[in-house]
Amino acid sequence: MSLESYMNQIGQQARAASRLLAKASTAQKNAALMAMAEALEAERPRLIAENSKDMENGRAKGLDAALLDRLLLNDARIDGMIEGLKQVATLPDPIGEISNMVFLPSGIQRGQMRVPLGVVGIIYESRPNVTIDAASLCLKSGNATILRGGSEAFHSNHAIAQAVCKGLEKAGLPSDAVQVLNTTDREAVSKLIGMPEYVDVIVPRGGKGLIERISRDAKVPVIKHLDGNCHVYIDDEADMEKAFRIALNAKTRRYGVCNAMESLLIHQNVNKQEISKLIAAFEEKGVALVGCTQVQQFADSIGAATEEDWYTEYHAPKLSIKVVASMDEAIAHINKYGSHHTDAIVSQNYTKTRAFMTEVDSASVMVNASTSFADGFEYGFGAEIGISTDKIHARGPVGLIGLTSQKYIVFGDGHTRDN
């Protein structure tokens with residue numbers, strides 16, 4: 001079968017499955033999610049064995065440490081996948097929810113009903129857990145999904161997909177509701193993003209190059225974020241014990257994730273000993289530091305930050321630090337250099353934190369909390385399909401609501417319009 005024929009077949013199967021999912025009951029969808037969790041548990045040794053093939057291939061191809069970390073499946077991450085499925089099963093089903101019902105002067109009653117988007121295409125790299133996150137959220141929101149994982153996670157993704165299909169079939173739902181492409185041909189991506197007759201939205205998850213390409217070439221609407229250049233601003237009225245913990249966690253919890261802090265902004269009135277303590281902690285963790293001239297005075301090892309540094313998402317143990325004269329300067333810096341993903345303020349001043357939340361133009365704004373919390377699971381969504389820095393439809397971690405739309409519904413009792 002040619003690639004074009006294969007992709008058309010995949011699209012037709014997804015469209016047909018989406019019609020069935022749209023009318024599936026909440027009980028049926030939840031049963032499928034729980035069956036998927038059971039299948040993952042039963043298949044745990046096989047998942048790890050298949051993942052080890054991908055890890056071995058990745059090391060042979062020279063994948064960097066951040067990509068290998070994303071690729072890894074271990075017991076803890078499988079536990080997280082299973083817990084995510086169970087959490088999604090407990091979430092309220094948004095489909096069919098009716099809101100904003102009002103009686104109008106004509107006598108009709110108008111409202112809105114929440115409905116699935118239809119077919120969601122997801123293109124992602126490295127992280128095999130995305131397969132289960134996407135499957136669970138799309139299923140619960142009544143959407144069929146077509147998954148195109150990276151070649152580096154081919155064995156892992158297909159092992160997970162088999163467990164997903166077992167769960168769907170056990171609950172009496174079509175296995176075509178979740179399809180993982182069985183080809184690593186890059187042309188399959190071009191076909192997927194060019195099938196508006198079968199695919200309603202595309203969600204790319206991966207490097208900036210991939211997302212830029214998808215956004216440029218897609219004939220289907222795209223939900224995306226390009227960068228995760230996240231900031232933490234430590235105010236002069238911050239509790240420094242909190243600031244220390246938050247900044248260290250935001251940067252060093254994991255380096256290769258999009259919610260990691262890449263730039264630290266510090267008010268000029270913060271105690272210099274506290275700044276020295278924080279810099280020493282970063283260096284002890286092996287984080288390479290660059291900064292403005294004021295920051296460079298704290299240690300000979302701190303390099304000079306370039307204009308490019310302020311724009312950069314490092315995905316590595318590297319951090320840029322800047323001393324600012326005021327919160328307004330910090331906000332201006334974030335809005336200029338940031339990626340509108342996630343930014344945080346550490347301050348005990350309520351008025352300042354309210355202003356920061358209002359004026360920082362980002363999908364998530366944290367007050368006295370690490371940027372690491374910008375995650376669908378941590379937000380109580382069970383999982384996330386991705387993070388959006390767009391301003392239309394979905395913004396921030398995209399969970400169930402972000403995978404739905406609304407249609408207007410009207411109730412009448414023989415009403416007709418005369419004028």
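Contact here means heavy atoms within 4.5 Å, and that is the sense in which one part of this predicted model is said to cover another at the first stop of the tour.

**Helix 5 and what covers it**

Begin by selecting helix 5, residues 75-90, and colour its buried residues, which are Ile78, Met81, Ile82, Gly84, Leu85, Gln87, Val88 and Ala89. What covers these buried residues includes helix 2 (26-42), helix 3, helix 6 (129-140) and helix 7 (154-170), and showing those four helices alongside helix 5 will make the arrangement visible. A check on the form of the helix is also possible here: at 1.5 Å a residue, the 16 residues of helix 5 should span 22 Å, and its end C-alpha atoms are 23 Å apart, which agrees.

**Helix 3: Arg44 and Glu50**

Next select Arg44, which has its place in helix 3, residues 44-60. Is Arg44 buried or exposed? Arg44 counts as buried, because its relative accessibility is 13% and the cut-off for buried is under 20%. The side chain of Arg44 makes a polar contact of 3.0 Å with the side chain of Asp75, and, leaving aside neighbours within four places in sequence, Arg44 is in contact with Asp75, Ile78, Asp79 and Ile82.

Staying in helix 3, move to Glu50, which is buried with a relative accessible area of 14%. Its side chain is joined to that of Lys53 by a polar contact of 3.0 Å, while beyond the residues up to four places away in sequence Glu50 touches His155, Ser156 and Ala159.

**The nonpolar cores**

Now select Leu40, Ile122, Leu168, Val199, Ile202, Ile214 and Ile385, the residues with the most contacts inside the largest nonpolar core, which has 72 residues. Take Ile202 as an example and display its surroundings: not counting neighbours within four places in sequence, Ile202 is in contact with Gly121, Ile123, Leu192, Ile193, Ile214, Val220, Pro221, Val222 and Ile223. Apart from this core lies another, of 31 residues, and among them are Met261, Leu264, Ala299 and Ala344. In soluble globular proteins, nonpolar side chains tend to be buried together.

**The seven-stranded sheet**

Turn to the sheet, where seven strands form an open arrangement in the order 10-9-11-8-7-12-13, with parallel pairing. Which strands stand at the edges? They are strand 10 (303-304) and strand 13 (364-367), each with a single partner strand, so one side of each is left without a neighbour in the sheet.

Select strand 9, residues 288-291, together with strand 11, and you will have a pair joined in the parallel sense over four bridges; in strand 11, Lys318 is the bridge partner of Ala288. Then select strand 7 and strand 8, which pair in the parallel sense over five bridges, with Ile234 standing opposite Ile266 in strand 8. Seven of the seven residues of strand 8 are buried, so this strand is largely enclosed by the rest of the structure.

**Helix 10 against the strands**

With the sheet still shown, add helix 10, residues 240-252, whose 13 residues should span 18 Å at 1.5 Å a residue and whose end C-alpha atoms are 18 Å apart, which agrees. Buried in helix 10 are Met240, Ala243, Ile246, Ala247, Leu248, Ala250, Lys251 and Thr252. These buried residues pack against strand 7 (230-234), strand 8 (261-267), helix 11 (272-284), strand 11 (318-324) and strand 12 (342-346). At the N-terminal end of helix 10, look for the cap formed by Asp239, where a side-chain oxygen lies 3.0 Å from the backbone nitrogen of Glu241.

**Cysteines and a last stop at Ile387**

How many disulfides does a search of the whole structure find? The search finds zero. Cys138 is in no disulfide, and the nearest cysteine sulfur, that of Cys165, is 14 Å away; Cys138 counts as buried, at 0% relative accessibility. Cys230 is likewise in no disulfide, with the nearest cysteine sulfur, that of Cys258, 6.8 Å away, and Cys230 is buried with a relative accessible area of 0%.

Finish by selecting Ile387, in strand 14, residues 387-388, which counts as buried at 6% relative accessibility. Ile387 touches Lys224, His225, Cys258, His341, Ala374, Gly396 and Pro397, not counting residues up to four places away in sequence. The C-alpha atoms of Ile387 and Asp375, twelve residues apart along the chain, are separated by 7.9 Å.

Technical notes. Residues numbered from 1 in each chain as written. Predicted model: local features only at pLDDT ≥ 70, side-chain atom pairs only at ≥ 80, totals over all residues. Heavy atoms only, no water. Core = buried A, V, L, I, M, F, W, Y, C linked by side-chain atoms within 4.5 Å. Buried < 20%, exposed > 50% of the residue type's maximum accessible area, 1.4 Å probe, protein only. Disulfide = S-S within 2.5 Å. Helix = DSSP H or I, 4+ residues; strand = E, 2+ residues; numbered from the N terminus. Expected span 1.5 Å × (residues − 1). Polar contact = N/O pair within 3.5 Å; in protein donor to acceptor, adjacent residues only side chain to side chain. Pairing = 2+ DSSP bridges.
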